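Me: I should like to go through the terms used for this structure and ask what each rests on. Please set each value against its criterion.

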Amino acid sequence: MAIATEDFIKQIDEMTVLELNNLVKALENHYGVSAAAAAVAAPAAGGGGAAAAPVEEKTEFDVVLKSAGDKKINVIKVVREVTSLGLKEAKDLVESAPATVKEGISKDEAEAIKKKFEEAGATVDLK
């Protein structure tokens, strides 16, 4: 291997969220895969239809910025408010929409963030 595993992990640790997002997109494009495919639930193993597994309610949500709309500056302010990104990183994230703003958060928090973005004029999806 051209680069030691520990060095590679260290480089990843030093990346910003936006840089990691760009890395994931580049890897998806290069290998023709999607990181979202790993989130697909496997079917439950077991007997026929006698005892169907209960449907689990989703507990973790991702907030995805679809578009900034007409008021991009207000959307950048909301991105900075809900994340710890600096001005440049927040601007880059808004301009690269669709982009994931927050991952693995509760439904209540996701709804509150979605409301803030919609008030700023942005289009947001919860996944």
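Me: What share of the contacts in the chain with a separation of 6 or more is between residues 24 or more positions apart?

Reply: In this predicted model, such residues account for 67% of those contacts. A pair is counted as a contact when heavy atoms lie within 4.5 Å.

Me: What makes up the secondary structure of the chain?

Reply: There are five helices and three strands. From the N terminus on, their order is α-α-β-α-α-β-α-β.

Me: Why are β1 and β3 called paired strands?

Reply: Two strands pair if at least two bridges are found between them. Strand β1, residues 61–67, and β3 have four bridges in the antiparallel sense, so the criterion of at least two is met. Within this pairing, V64 stands opposite D125 of β3.

Me: What is the strand order of the sheet, and is the sheet open or closed?

Reply: The three strands form an open sheet in the order β2-β1-β3, with antiparallel pairing. Because β2 (99–105) and β3 (123–126) each have a single partner strand, they stand at the edges, and one side of each lacks a neighbour in the sheet. On average, neighbouring strands are turned by 20 degrees against each other, direction ignored.

Me: Which helix packs on this sheet?

Reply: Helix α5, residues 107–119, touches β1, β2 and β3. The direction of α5 makes about 155 degrees with that of β2.

Me: How do you know that the buried residues of α3 lie on one side of the helix?

Reply: The buried residues in α3 are V75, I76, V78, V79 and V82. Their arc around the axis is only 160 degrees, which puts them on the same side of α3. The term buried requires under 20% relative accessible area. The face turned away from that side carries I73, K77 and E81, which are exposed. Among the elements covering the buried residues of α3 are β1, α4, β2 and α5.

Me: Which residues touch the most other members of the largest nonpolar core?

Reply: They are L65, V75, V79, L93, V94 and F117, in a core of 23 residues. Each of β1, α3 (72–82), α4 (87–95), β2 and α5 supplies at least two core residues. The largest share, five residues, comes from α3.

Me: With which residues is V75 in contact, leaving aside its neighbours within four places in sequence?

Reply: V75 is in contact with L65, A68, V94, F117, A120 and A122.

Note on methods. Residues numbered from 1 in each chain as written. Predicted model: local features only at pLDDT ≥ 70, side-chain atom pairs only at ≥ 80, totals over all residues. Heavy atoms only, no water. Axes fitted to C-alpha atoms, helices over the stretch in contact; angles between N-to-C directions. Core = buried A, V, L, I, M, F, W, Y, C linked by side-chain atoms within 4.5 Å. Buried < 20%, exposed > 50% of the residue type's maximum accessible area, 1.4 Å probe, protein only. Arc of directions from axis to C-beta.
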